[in-house]
Amino acid sequence: MTEHITTVAGVAVDTRHWIGGERVASVETFTDVSPIDGSTLGEISRGTATEAEAAVAAARAAFPAWAATPRAERARILHAIADGVDKRIEDLANVETLDNGALLRSHRCGVMPRVAHNFRFFADWLLKLEHQDFATRGHTNHVSWDPAGPCVLITPWNAPLMLATWKVAPALAAGNTVILKPAEWSPLTASLLADIAAEAGLPAGVLNVVQGYGAEVGNPLVSHPDVRRISFTGSVPTARHIARAAAANLTPLSLELGGKSPLLVFADADLDLAVDLAVEQYDNAGQVCLAATRILVEETVSDEFTRRFVEKASRLRQGDPRDEATDLGPNIHPRQLEKIDGFVRRALGDGARAVIGGKRMDGLYYEPTLLTDVAQDSEIVQEEIFGPVLTLQIFGDEEEAVRLANDTRFGLAATLVTGDHERAERVTARLVAGTAWVNCFFVRDLRAPFGGSRHSGVGREGGTWSFDFYCDVKNTVTAPNGWHNHG
Ligand code: NAD
C-alpha cells in the first residue's frame, strides 16, 4: 500500500476523499475490513465536519456552471461515466465483493451492468423530460424542472455502488452537484466512481465523495444549510436523526428505509415458483431491504410448501462469494452477525421452532434459517433482521392473509404467488407496499417509482419521480403583451 492507495483484488483504490476535483486526506483513518476473511482492505480517510464543509463548498461553487450546462452535454458526460463503468466492471465487481461480501457473479453479471445502466437511463430520461404547458384564460403556464443545488446522498453497505448510482445519476442529470457519503463498512467503490467520473470529464466539484462515519461526517452534511436535497438509504433510526437535522433547514428528504415484507403463497399458486421465490429471499445472505422475510402460506398447502422449501434450501451452498458455485456469502460485520443471532436466540427462547438453520457458523456466516411457531406480535415477525432468517406463518383465507401481511410498521414491498388474476388484483389493492410483485420478485423498470410506505420510507424515486425530487419544479405564467389580469 502506498500512502493513500490500497490495492484490492489487484485494483488500485484511493483511500482519500474526493472534494472539488482533488484527493483530500483526513488526519484520522478508519480500517476497512473484508467480511470474507477479516483481512484489512485499507486505511480510509475518516471525515469530519471540516471535510463536510469543504465538500459542500465545492458542490456549491460547481453548481451554477453545471446547472447551466446544456442537457445534451450533461447527458453526454453521464453516458461517458456509464462507458467508464462498463470498462471497469471486473474491477468494480471484484472490489465490491471483497468489500461487502456479496456474490462476485452477481456483481459481475447483474449489479455493475445495472450501475452503468443507471447513468444511461437517467441521461436518456433527461433528454426526454418534457415541460408541460397549460393555457388558461389567455395566459400560459410553463412547468420546468430546475436544478435544486448541492445534494447530499447517503448510502448503506448492502448494495453500495448500485444504491449510490441510483441517486447520483438522477441528481447529476437534473443539473445538481453531489456529495456522496458511502457506508463506512463498504467505502471502496465510491472512490472508484470518483475516478471514473473524473476520467469521463465531469467537472471538478460536481461529484464529491466523503468517507467516514455517519455521526462524524454524515451528520454535518445533512445539517448543512447550503444543502438543497438529502437522499438517504439506510435504517429507520438513522433516518430519524437525518430527518431531525434536515428539519432545521427544511431540506427536502427522500428516505429509502427498511422492510419486513411478506411473501403470500395461496393454495392456487404454482408451488415450485413459490418455493423458488421463497428461497431467493436468502440472496445476499438476507441483506436485502426488499427481502420478503415473512412467508405466509395458505393452510391447505403449507405442509407441501414447507417440504419442498426445505429440500431446495438445503441445497444452498455457503462459501467464498468469489466462488462461482457459492449461493450465500458472509454477513457484513461481526456486529451484524451478533444482531442476527440475537434475534434468532430470543425467538427460539420464546417458543419458535427452527425448521432449518438457527445457528451461526464459522467466520461471518449464518445458517439459512426458517422459523415457525412465531406469534404475529413477536419481535422476530415485527423487526427487520437483515440476515438469512425467514419466518413461516399459516393463514386460513384471503382476509387473514391480508391482515397478517399488513400488520407491521413497514410497507416496502409485498410478493404474492397465486394462479388467480382476480385474487391478485383484489389482494394487491389492499396491500400496503411501495412495490407489489405478483408471481415474480426483484424485477423493476427504472421508469417506475420505487420507495416505501409507513416506516419503509418517504417519497418515491425512479423515472420522473426522481426528477421531481431532485429539481425545484417551477411554473412560469406568461401573459401576452397588453393582457390585464382580471383575477
Ligand atoms: P445505517 O442507517 O446504519 O447507515 C446508512 C448510512 O447512513 C451510512 O452511510 C451511515 O454512515 C450513515 N449515517 C449513520 N448515521 C448518520 C447520521 N447521523 N447522519 C448522517 N448519516 C448517517 O444503515 P445500514 O446498516 O448501512 O444499512 C442497512 C439498512 O438500510 C437496512 O435497514 C435496510 O433495509 C436499509 N436499506 C434500504 C433500502 C431501500 O431502498 N429501501 C435499500 C438498501 C438498504
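In this predicted model, strand S20 (residues 435-438) has two unlike faces: Thr435 and Trp437 are on the covered face, while Ala436 and Val438 are on the uncovered one. In a regular strand, side chains alternate between the two faces of the sheet.

**The seven-stranded sheet**

S20 belongs to an open sheet of 7 strands with mixed pairing, arranged in the order S16-S17-S18-S15-S14-S19-S20. Its edges are strand S16 (353-356) and S20, each of which pairs on one side only. From one strand to the next, the twist averages 25 degrees.

The neighbour of S20 in this order is S19. Strand S19 (residues 413-417) runs parallel to S20, and the two are paired over 4 bridges. Within that pairing, alanine 414 has alanine 436 of S20 as its bridge partner; Ala436 is one of the residues on the uncovered face of S20. Helix H14 (residues 421-430) joins with S19 and S20 in a right-handed β-α-β unit.

Elsewhere in the sheet, strand S15 (residues 294-298) and strand S18 (residues 389-395) are parallel and joined by 5 bridges. Leucine 296 stands opposite glutamine 393 of S18.

**The three-stranded sheet**

Another open sheet has 3 strands in the order S7-S8-S22, and its pairing is antiparallel. Strand S7 (133-136) and strand S22 (471-478) form the edges, each pairing on one side only. Here the twist averages 25 degrees from one strand to the next. Strand S8 (residues 139-147) is paired with S22 in the antiparallel sense over 8 bridges, and histidine 142 has threonine 476 in S22 as its bridge partner. Helix H15 (residues 463-470) packs on this sheet and touches both S8 and S22. The direction of H15 makes about 85 degrees with that of S22.

The strand pairs with a stated bridge count are listed below.

| Strand pair | Sense | Bridges |
|---|---|---|
| S19 and S20 | parallel | 4 bridges |
| S15 and S18 | parallel | 5 bridges |
| S8 and S22 | antiparallel | 8 bridges |

**Nonpolar cores**

In soluble globular proteins, nonpolar side chains tend to be buried together. The largest nonpolar core of this model has 102 residues, and those with the most contacts inside it are Ile81, Leu180, Ile295, Phe305, Phe309 and Phe467. Helix H4 (residues 104-128) supplies the largest share of this core, 10 residues. At least three residues come from each of domain 1 (2-257 + 456-475) and domain 2 (262-438).

What does phenylalanine 309 touch, not counting residues up to four places away in sequence? Its contacts are Val275, Ala278, Val279, Tyr282, Ile295, Ile356, Leu370 and Leu390. Of these, Ile295 is also listed among the core residues with the most contacts.

A second core, separate from the first, has 24 residues, including Ala55, Val222, Ile242 and Leu257.

**Alanine 245**

Is alanine 245 buried or exposed? The relative accessible area of alanine 245 is 13%, so this residue counts as buried, the cut-off being under 20%. Alanine 245 lies in helix H8 (residues 236-249). Leaving aside neighbours within four places in sequence, alanine 245 is in contact with Asn219, Val222 and Ser223. Valine 222, named above as part of the second core, is 23 residues from alanine 245 in sequence, and the two are 6.2 Å apart in space, C-alpha to C-alpha.

Notes:
Residues numbered from 1 in each chain as written. Predicted model: local features only at pLDDT ≥ 70, side-chain atom pairs only at ≥ 80, totals over all residues. Heavy atoms only, no water. Core = buried A, V, L, I, M, F, W, Y, C linked by side-chain atoms within 4.5 Å. Buried < 20%, exposed > 50% of the residue type's maximum accessible area, 1.4 Å probe, protein only. Domains from an automatic or database assignment. Contact = heavy atoms within 4.5 Å. Pairing = 2+ DSSP bridges. Right-handed = clockwise from strand over helix to strand, strands pointing away. Axes fitted to C-alpha atoms, helices over the stretch in contact; angles between N-to-C directions.
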